[in-house]
Amino acid sequence: MKWVSYITAGWRSVLLVIAGSAIVFWRLGKWEAILMIAAGLSSLLGFVFKIIVERPRPTIDLVQVLVVEQRNGFPSGHALFAAVFLGLMAYFTFTRLRRRSIRILTL
């Protein structure tokens, strides 16, 4: 999970959207690539939801805080990105590839 959190945070998520969308465009087509870009951009909605919900992060008396963040805690930006973007990538892999071994690995 640390690896998933690492690749789905900050500038790495932008590179992931560009690379993932390019691969999907090359292998599946433009509509699927557009959907991948939209999935990548959906994390921008997370910022809007953070402003609307205004849920603070847990305090030090509830959890062990390793890094102090200034923004609100809900929804988690990298968790939202991972669920939507990586979930869509897994869906395309599972439904579009014929090689059973890769489909099982994806699952």
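Q: How does V53 count at 40% relative accessibility: buried, partly exposed or exposed?
A: We're working with a predicted model here, and V53 sits in helix α4, residues 43-53. Buried would need a value under 20% and exposed one over 50%. At 40% relative accessibility, V53 falls between those cut-offs, so the class is partly exposed.

Q: About how much accessible area does the nonpolar surface patch with V53 have together?
A: V53 shares this patch with L45, V48, F49, I52 and F74. Taken together, these residues of the surface patch have an accessible area of about 550 Å².

Q: Which helix has the lowest confidence in the protein?
A: The mean pLDDT of the protein is 80, and 88% of the residues reach 70 or more. Helix α3 has the highest confidence, at a mean of 89. Low pLDDT matters because predicted coordinates should not be read in detail there. At the bottom, with a mean of 73 over residues 2-7, is helix α1.

Q: Which helix gives the most to the largest nonpolar core?
A: That core has 9 residues: V17, V24, A33, M36, A39, F81, F85, L88 and F92. At least two residues come from each of α2 (11-27), α3 (30-41) and α5 (77-96). With 4 residues, the top contributor to this core is α5.

Q: Which residues does A39 touch, setting aside those up to four places away in sequence?
A: A39 is itself one of the residues of the largest nonpolar core, and two of its partners, F85 and L88, are also on that list. With the third partner included, the contacts of A39 are V84, F85 and L88.

Q: Is V24 buried or exposed?
A: V24 is in helix α2. Not counting residues up to four places away in sequence, V24 touches G29, E32, A33, M36, M89 and F92. The cut-off for burial is under 20% relative accessible area. V24 has 4%, so the verdict is buried.

Q: What distance separates the C-alpha atoms of V24 and L35?
A: Along the chain, V24 and L35 are 11 residues apart. In space, the separation of their C-alpha atoms is 9.6 Å.

Q: How far apart in space are S43 and F85, C-alpha to C-alpha?
A: S43 lies in helix α4 and is buried, at 17% relative accessible area. Leaving out neighbours within four places in sequence, S43 is in contact with L80 and F81. F85 is 42 residues from S43 in sequence, and the C-alpha to C-alpha distance is 8.9 Å.

Q: What is the relative accessible area of S13?
A: S13 is in helix α2. Beyond residues up to four places away in sequence, S13 touches I7, T8 and F81. S13 is classed as buried because the value has to be under 20%, and for S13 the relative accessible area is 14%.

Q: Which side chains meet in a salt bridge?
A: The structure holds 1 salt bridge. The pair links distant parts of the chain, with one partner in helix α3 and the other in helix α5, 64 residues apart. The N to O distance is 3.2 Å, and the side chains are those of E32 and R96.

Q: Which class does R96 get at 39% relative accessibility: buried, partly exposed or exposed?
A: Its salt-bridge partner E32 is buried, with a relative accessible area of 17%. R96 has 39%, between the 20% and 50% cut-offs, so R96 counts as partly exposed.

Notes
Residues are numbered from 1 along each chain as its sequence is written. Side-chain values use heavy atoms; hydrogens and water are left out. Patches are made of residues with over 30% relative accessible area and no salt bridge: like charges are joined within 9 Å, nonpolar side chains (Val, Leu, Ile, Met, Phe, Trp, Tyr) within 5 Å. Accessible areas come from the Shrake-Rupley method with a 1.4 Å probe; for residues, only the protein chains shown count as cover. A salt bridge is a side-chain nitrogen of Lys or Arg within 4 Å of a carboxyl oxygen of Asp or Glu. Buried means under 20% relative accessible area, exposed over 50%, partly exposed in between (1.4 Å probe, protein chains only). A nonpolar core is a set of buried Ala, Val, Leu, Ile, Met, Phe, Trp, Tyr and Cys residues joined through side-chain atoms within 4.5 Å. Contact means heavy atoms within 4.5 Å. pLDDT is the predictor's confidence in each residue, from 0 to 100.
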